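This report describes one protein chain for a reader who has not seen it before. Please look over the sequence and the structure before reading on.

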Amino acid sequence: MLSIKVNGKDYQVVVPSDTPLLWVIRDTIGLTGTKFGCGMSVCGACTVLMNGEAIRSCVTPVSFAVDKEVITIEGLSADGRHPVQQAWIMDDVPQCGYCHSGQIMAAVALLAKNPKPSDLDINEAMSGNLCRCGTYQRIRRAIHRAAGMMVKGGKK
């Protein structure tokens with residue numbers, strides 16, 4: 001049995017220690033906002049935060065999450081009012097939406113480290129998160145908007 005903390009809640013899970021964190025989050029805990037994309041850490045659809053760092057949950061063994069804090073898209077805010085989520089809505093970012101939980105989590109990690117990123121900073125930080133719909137310009141605009149909202153006193 002492994003003890004992990006996801007979105008501020010402690011879970012005891014009975015899975016092999018090398019089970020990918022993604023499957024524990026989705027299948028064992030039942031939080032389906034984090035998506036399976038490539039299973040090889042290439043697309044970023046499965047991005048979650050582990051102790052504030054963006055990680056790919058599809059290739060991270062659940063044993064790595066022991067004694068760490070994991071935040072999924074469901075844990076950003078109870079009502080979807082995190083500035084990055086709000087910016088995503090205001091800039092009408094998603095098309096199919098499949099990749100956007102991972103995109104949002106990567107953007108949150110970027111803004112925690114760099115509260116005022118340049119276009120280049122955003123392009124670099126988000127380059128590992130692929131969007132088949134090609135909404136990259138709207139993603140960049142939403143990250144700038146979220147950065148502005150956070151400077152004005154929004155959530156970090």
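## Basis of the report

The model is predicted, and local features need pLDDT of at least 70, side-chain atom pairs count only at pLDDT 80 or more, and totals for chains, interfaces and linings use all residues. Residues are numbered from 1 along each chain as its sequence is written, and side-chain values use heavy atoms, with hydrogens and water left out.

Helices (H or I, at least four residues) and strands (E, at least two) are DSSP runs, numbered from the N terminus. A residue is called buried under 20% relative accessible area, exposed over 50%, and partly exposed in between (1.4 Å probe, protein chains only). Contact means heavy atoms within 4.5 Å.

## Helix α1 and the strands

Helix α1 covers residues 21-29. Its buried residues are Leu21, Leu22, Val24, Ile25 and Ile29. They pack against the strands β1 (2-6), β2 (9-13), β3, β4 (53-56) and β5. Gly30, just after α1, has a positive phi of about 90°.

The loop between α1 and β3 (47-50) contains Ser41. Ser41 is not a glycine, yet its phi is positive, about 65°. With 31% relative accessibility, Ser41 is classed as partly exposed.

## The aromatic pair

A pair of aromatic rings is described by the distance of the centres and the angle of the planes. Rings of Phe, Tyr and Trp (its six-membered ring) count as a pair if their centres lie within 6.5 Å; planes under 30 degrees apart are stacked, over 60 edge-to-face, and the rest tilted.

One aromatic pair turns up in a search of the whole structure. It is formed by Trp23 and Phe36: the ring centres are 5.3 Å apart and the planes meet at 35°, so the pair is tilted. The two residues are 13 apart and join distant parts of the chain, Trp23 being in helix α1 and Phe36 in the loop between α1 and β3. Trp23 is partly exposed, at a relative accessible area of 30%, and Phe36 is partly exposed at 34%.

## Helix α5

Helix α5 runs over residues 136-151. The expected span of a helix is 1.5 Å times one less than its number of residues. For the 16 residues of α5 this gives 22 Å, which agrees with the 23 Å between its end C-alpha atoms.

Ile139, Ala142, Ile143, Ala146, Ala147 and Met150 are buried in α5. Seen down the helix axis, these buried residues fall within an arc of 145° (taken from the directions from the axis to the C-beta atoms), so they line one face of α5. They pack against α2, α3 and α4 (119-126). On the face turned away from the buried side are the exposed residues Gln137 and Val151. Gly153, just after α5, takes a positive phi of about 115°.

## Two nonpolar cores

A nonpolar core is a set of buried Ala, Val, Leu, Ile, Met, Phe, Trp, Tyr and Cys residues joined through side-chain atoms within 4.5 Å. The largest such core has 24 residues, and those with the most contacts inside it are Leu76, Val84, Trp88, Ile104, Leu111, Met126 and Ile143. Each of α2, α3, α4 and α5 supplies at least two residues of this core. The greatest share comes from α3, with eight residues.

Which residues does Ile143 contact, leaving aside its neighbours within four places in sequence? They are Trp88, Ala107, Leu110, Leu111, Pro117, Ile122 and Met126. Another core, of 16 residues, lies apart from the largest one and includes Ile4, Val6, Met50 and Val62.

## Loop residues

His82 lies in the loop between β5 (69-71) and α2. His82 is buried, at a relative accessible area of 2%. Its side chain reaches the backbone nitrogen of Val84 at 3.0 Å. This is a polar contact, a pair of N or O atoms within 3.5 Å; within protein, one must be able to donate a hydrogen and the other to accept it, and residues adjacent in sequence count only if both atoms are side-chain atoms.

Asp92 is in the loop between α2 (83-90) and α3 (100-113). Asp92 is exposed, with a relative accessible area of 54%, and has a positive phi near 50° without being a glycine.

Asn51 sits in the loop between β3 and β4 and is partly exposed at 47%. Beyond its neighbours within four places in sequence, Asn51 is in contact with Lys68 and Glu69.
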